[in-house]
Amino acid sequence: MILRKWESRIRAADEAVYIAYIEETGAADYAGTDGNLGFQILLQRHADATCTVTTLSWWRDLAAIRVFAGDDYGKSRYYAEDAKYLLEWNEEVEHFDVVVDRRGA
């Protein structure tokens with residue numbers, strides 16, 4: 001299993017609308033891709049009225065990630081409306097081999 005991690009920052013005022021937007025775009029694409037084993041959207045609020053948004057998605061293998069992200073699967077995948085919300089553009093995502101998984105059902 002592989003964990004794919006993406007992060008960016010948004011304005012805290014955009015939190016609710018951005019989370020709804022990401023559920024309709026990236027998260028929906030995760031869920032609709034064969035080999036996706038689930039995902040989470042994490043939010044960390046900061047004193048400067050911004051939030052760090054992190055998506056964690058679990059995948060069967062790199063072949064499944066390539067179906068979602070393309071051959072250059074190490075690059076971030078962005079959507080048309082992202083520019084309205086994002087304060088940072090991280091060009092790359094991180095991938096981790098999951099060697100122990102005790103999340104439970």
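Two strands count as paired if DSSP finds at least two bridges between them. Keep that in mind for the exercises below, which all use this predicted model.

**Exercise 1. Get your bearings.** Work out in which order the helices and strands follow one another along the chain.

*Solution.* Start with the inventory: the chain has three helices and four strands. Now walk along from the N terminus, and you meet them as β-α-α-β-β-α-β.

**Exercise 2. Which strands does S3 pair with, and in what sense?** Use the bridges to S1 and to S2.

*Solution.* Take S2 to begin with. S2 and S3 share nine bridges and run antiparallel. The cut-off is at least two bridges, so this counts as a pair. For one example, Gln40 has Leu56 in S3 as its bridge partner.

Next comes S1, residues 2-11, which pairs with S3 over 10 bridges, again in the antiparallel sense. Here you can look up Ser8, whose bridge partner in S3 is Val53.

**Exercise 3. Sort the side chains of S3.** Find out which residues point one way and which point the other way.

*Solution.* Recall the general pattern: side chains in a regular strand alternate between the two faces of the sheet. Now check the strand itself. Thr50, Thr52, Thr54, Leu56 and Trp58 point one way, while Cys51, Val53, Thr55, Ser57 and Trp59 point the other way. Then ask about cover: 10 of the 10 residues of S3 are buried.

**Exercise 4. Look at the turn between S2 and S3.** What is special about phi of Ala49?

*Solution.* First locate the residue: Ala49 sits in the loop between strand S2 (36-45) and strand S3 (50-59). The hairpin has four residues between its strands. Next, remember what to expect: most residues other than glycine have a negative phi. Ala49 isn't glycine, yet its phi is positive, near 65 degrees. Finally, its relative accessibility is 47%, so Ala49 counts as partly exposed.

**Exercise 5. Compare two charged residues.** Decide whether Glu15 is buried or exposed, and do the same for Arg102.

*Solution.* The cut-offs you need are under 20% for buried and over 50% for exposed. Glu15, in helix H1 (residues 15-24), has a relative accessible area of 19%, so Glu15 is buried. Leaving out residues up to four places away in sequence, Glu15 touches Ile10, Leu43, Arg45 and Cys51.

Arg102 lies in the segment after strand S4 (94-97). With 77% relative accessibility, Arg102 counts as exposed. For a sense of distance, the C-alpha atoms of Arg102 and Ala63 are 24 Å apart, and the two residues are 39 apart along the chain.

**Exercise 6. Step back to the whole chain.** Why does the radius of gyration agree with a compact globule?

*Solution.* A compact globule of 105 residues would come out near 13 Å, and the chain has 14 Å, so the two agree. The C-alpha atoms fill a box of roughly 35 × 30 × 20 Å along the principal axes.

Now look at the contacts. Among those between residues at least 6 apart in sequence, 65% join residues at least 24 apart. As for cover, 37% of the 105 residues count as buried. The accessible surface comes to about 6,200 Å², and carbon and sulfur atoms account for 49% of it.

Last, do the charge tally: there are 12 positive and 19 negative side chains, and the centres of the two sets lie 3 Å apart.

Technical notes:
Residues numbered from 1 in each chain as written. Predicted model: local features only at pLDDT ≥ 70, side-chain atom pairs only at ≥ 80, totals over all residues. Heavy atoms only, no water. Helix = DSSP H or I, 4+ residues; strand = E, 2+ residues; numbered from the N terminus. Buried < 20%, exposed > 50% of the residue type's maximum accessible area, 1.4 Å probe, protein only. Rg over C-alpha atoms; globule rule 2.2 N^0.38 Å. Contact = heavy atoms within 4.5 Å. Areas by Shrake-Rupley, 256 points an atom, 1.4 Å probe, with all protein chains shown as cover. Lys, Arg positive; Asp, Glu negative; His and termini not counted. Charge placed at Lys NZ, Arg CZ, Asp CG, Glu CD.
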